[in-house]
Amino acid sequence: MSLLIGSFTIGLILALLALGIFISFRIFDFPDITAEGSFTFGAATGASLIVAGVNPLLASLVAFIAGMAAGAVTGLIHTRFKINPLLAGILVMTALYSVNLHVMGKSNMPLLSETTVFTWIEQFSVNISGENARTMVLGWDVAVKDLWLLLFCSISICIFCMILWWFFRTNIGTAMRATGDNDQMIRALGVNTKTMIIAGVAIANGFVALSGALLAQYQGFADVQMGIGMMVWGLASVIIGEAIINDNSLGMVIFGAVIGSVLFRLLVAIALRWGLNPNDLKIITALFVFIALILPGLMKNKRKFNLTRRNHA
Amino acid sequence: MLKINNIKKTFNPETVNEVKALRSVNLEIDEGSFVCVLGTNGSGKSTMLNAVAGTFMIDEGDVLLDNTNITKWSEHKRAQLIGRVFQNPFSGTAPNMSIQENLALAFKRGQKRGLGWGLPKNKLDEFKTIVRPLNMGLEDRLENPIGKLSGGQRQALTLLMATALKPKLLLLDEHTAALDPKTASKVIELTEKIITRDRLTTLMVTHSMQQAVNLGDRIIMMHKGQVAYDFKGEEKKRLKVNDLLALFDELRRKDNIDQGVAEMLKEQYV
Ligand SMILES: Nc1ncnc2c1ncn2[C@@H]1O[C@H](COP(=O)(O)OP(=O)(O)O)[C@@H](O)[C@H]1O
Ligand SMILES: [Mg+2]
């Protein structure tokens with residue numbers, strides 16, 4: 001059970017990543033690989049600041065801003081120099097690898113003895129219900145501090161979702177959505193689409209970096225490799241969310257990304273429990289996204305095929 | 001009002017695909033004038049409108065609108081002054097956003113967009129009032145995505161959006177060409193209504209000579225990236241479709257002679 005609660009919590013932390021991917025891929029139609037680098041960038045920035053004694057909340061905020069900066073660079077490279085979005089993302093992701101090593105000064109930075117957002121909550125739990133307190137949830141014996149962590153993550157994610165929902169319904173947020181939907185139209189209505197794309201990719205990577213910073217604090221270390229495959233991971237979450245929610249309203253798609261992230265993490269945890277080799281995780285994630293991407297097309301073909309058969313009969 | 005001074009535009013210069021789309025276009029349009037632009041395919045009508053709207057930077061010349069030189073202005077900045085409707089019904093609206101969101105975007109054309117609520121409650125009634133006269137039943141479907149509407153409905157909405165805030169200049173580029181004849185005439189009717197009501201300075205490209213004869217107070221005919229003919233005032237009023245057809249024929253004959261001469265010269269000198 002504590003495995004499930006842990007997966008749930010990590011799923012919520014990674015929901016921030018999914019939200020970032022949702023913003024770049026779905027709102028801006030911008031296939032942004034920067035995420036792979038900015039996830040680690042957030043983790044590295046957050047971890048280094050925490051080790052340097054900075055307040056973990058402030059460190060997480062700086063990680064968010066660092067991610068925004070990385071995203072802004074990608075957006076700038078794309079809009080200013082007309083470089084294809086994928087390539088712009090790859091350039092920044094590659095450059096970030098070196099940056100991350102410099103930020104941490106090594107390839108792995110442990111946080112186990114540091115004060116993080118999550119040790120605060122554990123401390124809070126100890127203060128309230130004592131050391132090693134346990135309780136029963138639906139007949140399962142779980143640690144009280146795990147529940148507090150889960151609650152904290154749930155509330156934080158809810159707040160972030162509400163902020164995003166609100167933002168994308170303001171005048172400027174609406175213009176951003178229109179930029180992804182029909183840039184010619186929104187330019188004709190006086191919006192600088194380049195600025196919108198830069199800002200949008202920046203916000204997206206801010207969320208991705210924050211996700212990295214929080215994950216580093218939760219798992220107790222930052223690693224220069226931890227961003228690898230994260231973009232596809234986030235995309236898988238977004239796709240699962242869309243399949244489950246099946247509603248195009250803004251609030252529901254944001255909610256879907258969160259649900260997708262949690263569910264995907266739970267599925268993976270269960271698969272690993274059943275003996276899935278962790279080394280195979282990335283190829284399975286990639287296959288999953290591949291299938292999810294081609295499935296709608298396949299179903300359409302099948303329908304067409306059925307129709308032609310009916311017509312011939 | 002609008003002043004186009006000797007503008008030139010060459011696409012893909014110094015390549016095999018070089019196209020001299022505009023070779024020295026000069027045009028001056030008075031405030032409140034409604035100009036129909038005719039011309040064969042590829043004569044540079046769209047390019048001229050795009051040059052005014054700032055879709056690309058021109059090679060030479062100046063564009064002045066409302067006594068301001070906007071030659072160096074970006075496309076989105078010019079949108080403060082210019083409303084547009086494109087030929088393709090898909091171009092003018094954001095398909096996955098609702099009708100009301102599209103309208104709300106249009107009511108902020110060229111203005112600062114901040115953190116204010118994008119869909120203010122008090123605007124919804126106004127949206128209903130402006131779409132009701134279309135008689136398309138859209139007032140009850142404001143929350144539906146625009147992508148679900150027909151081409152004609154989308155063009156009608158795009159027209160409302162382009163003129164929601166009165167533009168200094170309205171640019172219409174064959175905005176009924178993709179519609180079936182019945183829908184097209186409805187959209188043209190609406191176009192005329194709005195232009196007359198708001199006394200909009202308008203440049204309307206059309207492939208229909210009938211439209212050009214019926215509408216507006218001036219006709220210009222483009223040919224090979226230049227303004228070949230220009231009719232206004234009484235002259236425009238007297239103009240009939242047959243006169244325009246004759247002019248097209250004349251242009252075609254001239255072209256053939258030019259080609260003939262070119263071939264003759266080639267034979268003699270090569
Ligand atoms: N973006 C572009 N790139 C290259 N060639 C273009 C472009 N836009 C227009 N052209 C060319 O310029 C010429 C004029 O086109 P256009 O203005 O669209 O004509 P029309 O009068 O039919 O609207 C055509 O030969 C067209 O192929
Ligand atoms: Mg054209």
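Start by selecting A:Arg177 and B:Glu101: their side chains meet in a salt bridge, N to O at 2.7 Å. Keep in mind as you click around that this is a predicted model. Across the interface of chain B and chain A, the rule finds 2 salt bridges, and the pair on your screen is one of them.

**Widen the view to the interface**

Now colour everything in chain B that touches chain A, and the reverse. You should pick up 29 residues from chain B and 22 residues from chain A. Together the two chains bury about 2300 Å² between them, with carbon and sulfur atoms giving 60% of that. Which residues of chain B lose the most area to chain A? Show B:His76, B:Arg113 and B:Trp117 as sticks; together they make up 28% of what the chain B side buries.

Switch on polar contacts next. Between chain B and chain A there are 14 residue pairs in polar contact, counting pairs with both residues at pLDDT 80 or more. To see which elements of chain B supply this side, select α2 (75–78), β6 (82–85) and α3 (99–106): each brings at least two residues to the side that touches chain A. The most comes from α3(B), with 4 residues. If you colour that side of chain B by residue type, you get 13 nonpolar, 10 polar and 6 charged residues.

**Over to the sheet of chain B**

Hide chain A and show chain B as a cartoon. Look for an open sheet of 6 strands with mixed pairing, in the order β6-β7-β8-β3-β9-β10. The edge strands are β6 and β10 (226–232) of chain B; each has a single partner strand, so one side of each is left without a neighbour in the sheet. Look along the sheet and you can follow its twist, which averages 20 degrees from one strand to the next.

Zoom in on β9 (residues 218–223) of chain B. This strand runs antiparallel to β10(B), and 6 bridges join the two. For a single example, select B:Met221 and find its bridge partner in β10(B), B:Tyr229.

**Finish with two helices**

Which strands does helix α5 (residues 151–163) of chain B touch as it packs on the sheet? Select β6 and β7 (169–173) of chain B to see them; the direction of α5 makes about 175 degrees with that of β6(B).

Last stop: helix α6 (residues 181–198) of chain B. This helix lies across β3 (34–39), β7 and β8 (202–205) of chain B, and α6 runs at about 170 degrees to β7(B).

Definitions and conventions:
Residues numbered from 1 in each chain as written. Chains lettered and ligands numbered in written order. Predicted model: local features only at pLDDT ≥ 70, side-chain atom pairs only at ≥ 80, totals over all residues. Heavy atoms only, no water. Contact = heavy atoms within 4.5 Å. Buried area = accessible area lost by both parts, 1.4 Å probe. Salt bridge = Lys/Arg side-chain N within 4 Å of Asp/Glu carboxyl O. Polar contact = N/O pair within 3.5 Å; in protein donor to acceptor, adjacent residues only side chain to side chain. Nonpolar A, V, L, I, M, F, W, Y, C, P; charged D, E, K, R; others polar. Pairing = 2+ DSSP bridges. Axes fitted to C-alpha atoms, helices over the stretch in contact; angles between N-to-C directions.
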